[in-house]
Amino acid sequence: MTPRITHFWRLYRWGRILARHGALRGIENDRNAPMTVKRLCRLARFGTRQPAEPDYAGAFQEIGPAAIKLGQALATRPDLVGEGPARNLLLLQDSLPPVPFADIRTRIESSFGRPIGEVYASIEEEPVGAASIAQVHRAVTRDGRAVAVKVLRPGIREQFSRDVETYEWAAAHLEAFGAEAARLRPRAVIANLKRWTLREFDLRREAASASELADVMEGIEGYRVPDIDWDRTAGSVLTLEWIDGIKMSQVEALRAAGHDMPALARRLVLTFLTQAISAGFFHADMHQGNLFVKGTPEAPEIVAIDFGIMGRINRQARLWLAEILYGLTTGNYRRVAEIHFEAQYVPSYHTVEEFATALRAVGEPMRGKPVSELSVGAMLDGLFAITRDFDMQVQPHLLLLQKTMVMVEGLATALDPQINMWDVASPFVKEWLRDELGPEAKIADRLREDLNLLMRLPDLVRRIEEKFPPKGGAPEQAPLPEVELVWDRMMARRREGTRWPAYAASVIAGGLATWGVLAWMHWG
């Protein structure tokens, strides 16, 4: 177990970095921050020069890989860090200086147990990308296929484990302050961060996620996942099809190639909705560097890469989510409020009517506005603003979805500044809800449940027979006369108030006398 002094030292060192980037000022000015935390912030920034404008992204970048992942998670939490810091953290680039190729070669050879020349015909020493957890090299297989090779940074797992242990320690102490700190559930935030990131350390899991997403999106026009080279994939190395395309961040290049930008933006939004709402399994790291556009302007194709962070939502949560989105777009705030109570997002001591009114205050200002003023991010910020008034705890399972929604909106707006996210999402959500909640769907669900029950009946009968087996071939025992037991009479007397010790003594004395008579008859 890490000593407390080590946690203190790490937090102090990170605090100094945050202070140099002006990132502690917001905590000191937050009226909801515990006073002890404010004092620690003042101690950390003592003697430092702070810029006029805080640079949260730069601070997390300087602290290291685990902080980069934490910053990406906090970008979805304007309720926790504030709207300004959340927007700034969206600029956080998950990139670090590359690891020397000699270390990469050693990692590949140890993963496959043979020289790198037997795995790839050639591999470029200069990486095409270097992120906080892994870096990517272009290579050619021995059968002539161009591939991308993703390799974990040496020592990254150990470094992340050390840092996240201190995050857990700090979150536990912060939550112990109670009140607002407990409502925001910092321990749950760190637990989700840890779970998401640990999955990224096993590249076979990433390969499996890519394969599953390919199955989910099979048949969806204009979206593709690269093929996985399973023979050249291990825990620390992932090999997949090389993608030659235009990065979605290169808007001018896409326009010069003749692509229909509004159509691309619309397709991006619909593919995300298909994954998140229809399938409940979605790419949760949809920043500009992870999406490419291939094909001709007449038949463009969006290709996604980097499947280390994936989101999953069960069917009931997707139904609630779809109804919430549709209710906000149509102004049915009463139904949106009811869903929050059904999902137990809002404690039952509040009223549906009051919550519906608060939701109206969020939704109505956006209705009837010009397209350029509509924003999913603004809607999320508004929803976060009312969570405190209604004692709503953070829902960790929705953090990835919130983060991805903001990312998708940013990408779509960059492609087409005039896109109306609500207009694109509303018909899709309405159709999906009809399919899932319409009369046909309810009948199909009931038939499926009843059929499953019928299928389970034979097993139920077998278990009943095991509990109550049939009678054997021996004849039944004839009824036996009832005999009153001594202890039964003792208990009856006790219930009647008789002192049982005296009764027990008389029984013993009677037994001894009877034994004496029998002995005299036998020996006399």
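## Strands, helices and a buried aspartate

Q: How many bridges join β3 to strand β4 (residues 146–152)?
A: In this predicted model, β3 and β4 run antiparallel. Q135, for instance, stands opposite V151 in β4. The number of bridges joining the two strands is seven.

Q: Which residue in the turn of the hairpin formed by β3 and β4 has a positive phi?
A: Four residues lie between β3 and β4 in this hairpin. One residue in the turn has a phi of about 90°, and that residue is G144.

Q: In β3, which residue is the bridge partner of S122?
A: Let's start with the strands: β1 (residues 120–123) pairs with β3 (residues 134–141) in the antiparallel sense. Three bridges hold that pairing. Across from S122, the partner in β3 is V140.

Q: How many residues does the hairpin that joins β2 to β3 go through?
A: Strand β2 (residues 129–130) also runs antiparallel to β3, with two bridges between them. One bridge matches G129 with V136 in β3. The hairpin joins the two strands through three residues.

Q: Which strands stand at the edges of the open sheet of four strands?
A: The order in this sheet is β5-β10-β9-β7, and its pairing is mixed. The edge strands each have a single partner strand, so one side of each is left without a neighbour in the sheet. They are β5 (223–224) and β7 (246–247).

Q: In β10, what is the bridge partner of Y223?
A: β5 and strand β10 (residues 299–304) run parallel, joined by two bridges. For Y223, the partner in β10 is I302.

Q: At what angle does α14 run to β10?
A: Helix α14 covers residues 261–279. This helix lies across β5, β9 and β10. Relative to β10, the angle is about 45°.

Q: Is α14 parallel, antiparallel, perpendicular or oblique to α15?
A: Helix α14 and helix α15 (residues 315–330) pack with their axes 8 Å apart, at an angle of about 125°. An angle counts as roughly perpendicular from 65 to 115 degrees and as roughly antiparallel over 145. The angle here makes α14 oblique to α15.

Q: Which residues in α15 do A276, I277, S278 and A279 in α14 meet?
A: By class, the contact of α14 with α15 has six nonpolar, one polar and one charged residues. A276, I277, S278 and A279 are the α14 side of the meeting. Their opposite numbers in α15 are R318, L321, A322 and L325.

Q: Why do α4 and α5 count as roughly antiparallel to each other?
A: The cut-off for roughly antiparallel is an angle over 145 degrees. The axes of helix α4 (residues 56–63) and helix α5 (residues 65–74) come within 7 Å. α4 and α5 are roughly antiparallel because their axes cross at roughly 150°.

Q: How many nonpolar residues are in the contact of α4 with α5?
A: From α4 come F60, Q61 and I63, while α5 gives A67, I68, L70, G71 and L74. Two of the residues in this contact are polar and none is charged. The nonpolar count is six.

Q: Is D285 buried or exposed?
A: D285 sits in the loop between β8 (281–283) and β9 (291–296). Leaving aside neighbours within four places in sequence, D285 is in contact with N290, D306, I309, K403 and M407. Buried means under 20% relative accessible area. D285 has a relative accessible area of 4%, so this residue is buried.

Definitions and conventions. Residues are numbered from 1 along each chain as its sequence is written. This is a predicted model: local features need pLDDT of at least 70, side-chain atom pairs count only at pLDDT 80 or more; totals for chains, interfaces and linings use all residues. Side-chain values use heavy atoms; hydrogens and water are left out. Two strands pair if DSSP finds at least two bridges between them. Buried means under 20% relative accessible area, exposed over 50%, partly exposed in between (1.4 Å probe, protein chains only). Contact means heavy atoms within 4.5 Å. Axes are lines fitted to C-alpha atoms, for helices over the stretch in contact, and angles run from 0 to 180 degrees between N-to-C directions. Angles under 35 degrees count as roughly parallel, over 145 as roughly antiparallel, 65 to 115 as roughly perpendicular and the rest as oblique. Ala, Val, Leu, Ile, Met, Phe, Trp, Tyr, Cys and Pro count as nonpolar, Asp, Glu, Lys and Arg as charged, and the others, Gly among them, as polar.
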